[in-house]
Each structure stands twice: as C-alpha cells, then as structure tokens.
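Visitor: I'd like to learn how to read a ligand site and a helix pair. Could you walk me through it?

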Amino acid sequence: MKPPPFQYHDPRTLAEAVALLGKLENAKLLAGGQSLMPMLNMRFVLPDHVIDLNLVEGLSYIKEVEGAIEIGAMTRQRDVEFSDLVKQRCPLLHAAIKQVGHRQTRNRGTVGGSLCHLDPAAEIVAVAAAHDATVVATGPKGGREIKFADFPVAYMTPAIEPDEILTAVRFPLWPAGHGAAFVEFARRHGDFAIVSAAALLLRDGAGKISRASVTIGGISAAPVRVGDVEKAITGQAASSSLFRTACESCRQIEAVEDIHAPASYRQHLAAVLSRRALEQAAGLPAQPSARVH
Ligand SMILES: Cc1cc2nc3c(=O)[nH]c(=O)nc-3n(C[C@H](O)[C@H](O)[C@H](O)COP(=O)(O)OP(=O)(O)OC[C@H]3O[C@@H](n4cnc5c(N)ncnc54)[C@H](O)[C@@H]3O)c2cc1C
C-alpha cells in the first residue's frame with residue numbers, strides 16, 4: 001500500500017516546527033516513522049501535511065540533569081540501547097529497550113515517537129510509568145512539563161495538544177545499587193508484548209525493601225502501576241514466596257481482551273511476570289510458575 005497524498009515539510013528548528021504545526025490544518029509529525037508510516041500506508045491516518053522532525057536541531061541527546069536522565073524526543077532507541085549512562089544509571093530502561101521491536105526498527109524509532117504513539121504494550125511507555133517520568137512538550141506558548149501519570153488520557157492518546165511537540169522526557173534516577181528488571185511475554189521475538197512487567201526495588205541496610213515500583217504493561221489502555229503490590233512488599237525482606245503472594249492481586253486488574261489473548265490470560269501473565277520481575281530485581285533465582293487451569 002502507498003500513503004495518501006500529503007505535503008511534506010522539513011523544518012530545521014523547533015520554533016519553525018512549532019509554527020508549522022500551529023498554522024497547518026490536519027498535520028502529523030514524523031519522527032522515526034516506524035508506527036506512522038504503516039498507519040499512513042494502511043490509511044488509518046490521512047494527514048494533509050507531514051512535518052518531519054528529523055532535521056530539527058537539538059532534539060537528540062541523553063544527559064544527566066538534577067537527579068534524572070533526560071532524553072531528547074528524537075533520540076533513536078538504538079542510541080539509548082548503547083548509552084553507558086542509561087546502562088549504569090537507569091538499568092530498567094536499558095533492559096526494556098532491547099525488547100523494543102528489532103534492531104532495524106530501533107535504528108529509526110525514537111523515544112518521543114514511542115511515547116506519543118502510546119501503545120499500551122510499548123516498553124518505553126511502561127518504563128516511563130515505572131520511573132514516574134516527566135514529559136516536556138513545547139507549543140506556541142512555550143514549554144510545559146507533564147507528569148507521566150497524567151500523560152495517557154485514553155487509548156493511544158497522549159495529553160499533548162495538537163499544536164504541541166514532545167521535546168524531551170526525564171526519568172528520575174533511583175539510588176545506586178537499586179534492583180531493576182523488565183520481563184515480557186510476546187508470541188514472537190520483536191513483537192509487541194502481550195503483557196510486560198517492570199520492577200524497581202531498593203533495599204535498606206537490613207535487607208528489607210524500602211521502596212518498590214511495579215508496573216504492568218499491555219493489560220489495559222495504559223500501563224498500570226500496581227500500588228497494592230508495592231505496598232505489600234515494602235518493609236519486608238525479599239523472597240519468592242512474598243512476591244508470589246503479593247503479585248496474586250494483579251489478577252484483579254481490569255484487563256483488555258483481543259484477538260491475541262483473553263482478559264483472564266492477561267491477568268494470569270500479570271501475576272506471573274510481576275513476580276518474575278521482582279525476583280530478578282532482587283537477584284533471587286527464578287521459581288517455576290503454577291499451571292494455568
Ligand atoms: C516490526 C515492528 C515491530 C515493533 N515492535 C515494537 C515493540 O515491540 N515495542 C514498541 O514499543 N514498539 C514497537 N514498534 C514501534 C516502534 O518502536 C516505533 O518506533 C514507535 O512506536 C514510534 O516511534 P517513531 O519514532 O517511529 O514515531 P513515528 O512512527 O514517526 O510517530 C508515531 C506517532 O507519534 C507522533 N509523534 C512522533 N514524535 C512526536 C513528537 N516529538 N511530538 C509529538 N508527536 C510525535 C507521530 O505524529 C505519530 O502519531 C515496532 C514497529 C515495527 C515496525
């Protein structure tokens with residue numbers, strides 16, 4: 001299939017891109033094109049204008065700022081994968097990014113594109129929820145920050161205005177020595193996950209869990225932070241039996257049902273994968289799962 005006809009624009013500065021977006025009717029931004037191009041070719045979107053962000057200066061970088069890692073919206077997923085800063089300071093993102101599509105798609109796909117596309121199963125989206133990330137959007141009135149918890153407003157609908165461009169995302173860092181793990185179940189390597197689980201753990205000097213973050217992706221319209229699990233394990237010594245019991249509550253998450261899996265299977269995966277992610281984050285040996293009946 002070929003895309004519908006559209007007018008192509010290639011601004012060189014953010015100000016130019018924002019001005020074009022504010023002025024043109026029915027325009028779409030193009031980042032890595034890994035989701036937009038298939039949607040154009042399948043005629044799911046029919047823009048009159050496509051504004052290409054690839055030549056806009058200053059949107060591709062990874063840096064540490066005030067206790068966070070800030071990543072420019074046009075940073076390629078492959079650059080995140082090979083960033084030593086990300087590997088050392090944000091191990092959850094490092095573990096997750098390798099599970100995003102294929103190296104070919106990661107060569108082009110961007111961090112900002114993934115966040116704005118907001119697929120419920122997207123790994124970067126789950127990591128943003130797990131880390132309580134902050135998204136930076138720029139529009140005609142300047143820049144504003146959006147807490148990631150407020151970013152998904154509906155299925156694949158981010159809280160950015162039609163005249164705004166996502167310019168960066170900030171992942172607040174956890175203290176050195178924290179545990180992190182990202183596990184997912186997909187039918188084939190490189191597919192979107194059916195369900196994923198992200199875990200972050202911090203332990204105190206006595207070995208008790210002092211802070212926990214557990215996120216389930218792919219189960220709902222947006223990733224779900226499972227506060228019940230986080231609460232149940234905080235203050236406790238890490239063990240497989242603790243995690244197994246706590247993660248059972250994931251079976252209560254309201255789950256979507258589609259051609260890939262019924263809701264009950266997603267709920268089962270949520271309980272199993274969150275337990276496995278916690279075991280990995282705590283450095284415990286993996287335990288066998290109970291049979292599904
Ligand atoms: C074969 C294949 C397998 C894949 N598997 C996975 C997977 O396992 N996990 C996963 O997460 N993704 C997967 N993807 C999707 C891929 O990661 C895309 O890179 C991502 O979804 C979109 O990023 P992009 O940079 O390509 O954005 P684009 O496709 O260019 O844009 C996506 C959407 O975001 C908007 N947008 C882009 N940038 C901005 C911005 N800065 N501000 C405002 N709006 C913006 C666009 O207008 C468009 O609506 C896969 C893709 C393919 C082709």
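Guide: Happy to. A polar contact is a pair of N or O atoms within 3.5 Å. Keep in mind that this model is predicted.

Visitor: Which polar backbone atom is 3.3 Å from an oxygen atom of the ligand?

Guide: That polar backbone atom belongs to Ser114. Gln34 also offers a polar backbone atom, 2.8 Å from a ligand oxygen. Ser35 uses its side chain instead: an N or O atom there is 2.6 Å from an oxygen of the ligand.

Visitor: How much of the ligand's accessible area does the protein cover?

Guide: On its own the ligand has 970 Å² of accessible area, and the protein covers 89% of that. Two or more shell residues come from each of β2 (27-30), α7 (111-117) and β10 (165-172). Helix α7 gives the largest share, four residues.

Visitor: How many residues surround the ligand, and which are the closest?

Guide: There are 31 residues around the ligand, and the closest are Leu29, Gly33, Ser35, Leu36 and Thr110. Sorted by class, the shell holds 13 nonpolar, 15 polar and three charged residues.

Visitor: Now the helices. At what angle do α10 and α11 pack?

Guide: For a helix pair, angles over 145 degrees count as roughly antiparallel. Here α10 (residues 240-247) and α11 (residues 263-281) pack at about 150°, and their axes are 9 Å apart. The angle therefore makes α10 roughly antiparallel to α11.

Visitor: Is the crossing of α10 and α11 left-handed or right-handed?

Guide: The crossing in which α10 passes α11 is right-handed.

How values were computed: Residues are numbered from 1 along each chain as its sequence is written. This is a predicted model: local features need pLDDT of at least 70, side-chain atom pairs count only at pLDDT 80 or more; totals for chains, interfaces and linings use all residues. Side-chain values use heavy atoms; hydrogens and water are left out. A residue is near a molecule or strand if one of its heavy atoms lies within 4 Å of it. A polar contact is a pair of N or O atoms within 3.5 Å; within protein, one must be able to donate a hydrogen and the other to accept it, and residues adjacent in sequence count only if both atoms are side-chain atoms. Accessible areas come from the Shrake-Rupley method with a 1.4 Å probe; for residues, only the protein chains shown count as cover. Ala, Val, Leu, Ile, Met, Phe, Trp, Tyr, Cys and Pro count as nonpolar, Asp, Glu, Lys and Arg as charged, and the others, Gly among them, as polar. Axes are lines fitted to C-alpha atoms, for helices over the stretch in contact, and angles run from 0 to 180 degrees between N-to-C directions. Angles under 35 degrees count as roughly parallel, over 145 as roughly antiparallel, 65 to 115 as roughly perpendicular and the rest as oblique. A crossing is left-handed if the near helix is turned anticlockwise from the far one by less than a right angle, and right-handed if clockwise.
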